[in-house]
Amino acid sequence: EGDDASNARIALVCILLSSVFIFNNVARPDRSSLQFLSYLETIRQRIPTKTLELSPQFFPSFLWVFRDFFLQMPIRKKTGKAYTLKEYMIERV
């Protein structure tokens, strides 16, 4: 077990060596998931590049997988209609 700085360096090297980065989220997305994504964006911004145009080629494609997510979207109490995934992410997360 290492400290947070060592873990972050190892994670960064793994991400940069990958062609696809899969974020496997268990259950419903929550604020900690979004904080992790914010952390990834901070890492991406700190990668030294000669020009901003080169930055995307150093970062892999991103795939967010919702594992063990509910099969049906929750029902809105006010309208009685189910959320769309986009609405759920915006309003509930």
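These entries record what I looked up in a predicted model of one protein chain.

**Entry 1: Overall layout**

I began with the secondary structure. The chain has four helices and two strands. Followed along the sequence, these elements give the pattern α-β-α-α-β-α. I noted the ranges of several elements for later use: helix H1 covers residues 4-17, strand S1 covers residues 20-26, helix H3 covers residues 55-58, strand S2 covers residues 61-67, and helix H4 covers residues 85-92.

**Entry 2: Confidence**

I then looked up how far the prediction can be relied on. The mean pLDDT of the chain is 75, and 78% of the residues reach 70 or more. Confidence is highest in S1, at a mean of 83, and lowest in helix H3, at 59. Where pLDDT is low, the predicted coordinates should not be read in detail. I therefore keep this caution in mind for helix H3, which has the lowest mean in the chain.

**Entry 3: Surface and contacts of the whole chain**

I recorded the totals next. The chain exposes about 7500 Å², of which carbon and sulfur atoms supply 56%. Of its 93 residues, 22% count as buried. Among the contacts with a separation of 6 or more, 60% are between residues 24 or more positions apart.

**Entry 4: The nonpolar core**

Which residues form the largest nonpolar core? I found five: Ile 15, Phe 21, Phe 23, Leu 40 and Phe 59. I followed Leu 40 first. Beyond its neighbours within four places in sequence, Leu 40 is in contact with Ile 15, Phe 21, Phe 59 and Phe 62. Three of these partners, Ile 15, Phe 21 and Phe 59, are core members themselves.

**Entry 5: Phe 23**

I turned to Phe 23, another member of the core, which lies in strand S1. Is Phe 23 buried or exposed? Its relative accessible area is 13%, so Phe 23 counts as buried, the limit being under 20%. Leaving out residues up to four places away in sequence, Phe 23 touches Ser 33, Phe 36, Leu 37, Phe 62, Leu 63, Trp 64 and Val 65. I also checked one distance: the C-alpha atoms of Phe 23 and Val 65 are separated by 6.0 Å, although the two residues stand 42 apart along the chain.

**Entry 6: A nonpolar patch on the surface**

I looked for nonpolar side chains at the surface. Val 20, Ile 22 and Leu 63 make a patch of about 260 Å². Leu 63 is found in strand S2 and is one of the residues that Phe 23 touches. With 42% relative accessibility, Leu 63 counts as partly exposed.

**Entry 7: Leu 16**

I examined Leu 16, which has its place in helix H1. At 34% relative accessibility, Leu 16 counts as partly exposed. Leu 16 and Arg 44 are 28 residues apart in sequence, and their C-alpha atoms are 9.7 Å apart in space.

**Entry 8: The salt bridge**

How many salt bridges does the structure hold? I found one. The side chains of Arg 76 and Glu 87 meet in it, at 2.8 Å from N to O. The pair links distant parts of the chain, eleven residues apart: Arg 76 is in the loop between S2 and helix H4, and Glu 87 is in helix H4. Glu 87 is partly exposed, with a relative accessible area of 29%.

**Entry 9: Glu 91**

Finally, I looked at Glu 91, which also lies in helix H4. Glu 91 is partly exposed, at 47% relative accessibility. Not counting residues up to four places away in sequence, Glu 91 touches Arg 76 and Tyr 83. Arg 76 thus appears twice in my notes, as a salt-bridge partner of Glu 87 and as a contact of Glu 91.

Notes. Residues are numbered from 1 along each chain as its sequence is written. This is a predicted model: local features need pLDDT of at least 70, side-chain atom pairs count only at pLDDT 80 or more; totals for chains, interfaces and linings use all residues. Side-chain values use heavy atoms; hydrogens and water are left out. Patches are made of residues with over 30% relative accessible area and no salt bridge: like charges are joined within 9 Å, nonpolar side chains (Val, Leu, Ile, Met, Phe, Trp, Tyr) within 5 Å. Accessible areas come from the Shrake-Rupley method with a 1.4 Å probe; for residues, only the protein chains shown count as cover. A salt bridge is a side-chain nitrogen of Lys or Arg within 4 Å of a carboxyl oxygen of Asp or Glu. Buried means under 20% relative accessible area, exposed over 50%, partly exposed in between (1.4 Å probe, protein chains only). Contact means heavy atoms within 4.5 Å. pLDDT is the predictor's confidence in each residue, from 0 to 100. A nonpolar core is a set of buried Ala, Val, Leu, Ile, Met, Phe, Trp, Tyr and Cys residues joined through side-chain atoms within 4.5 Å.
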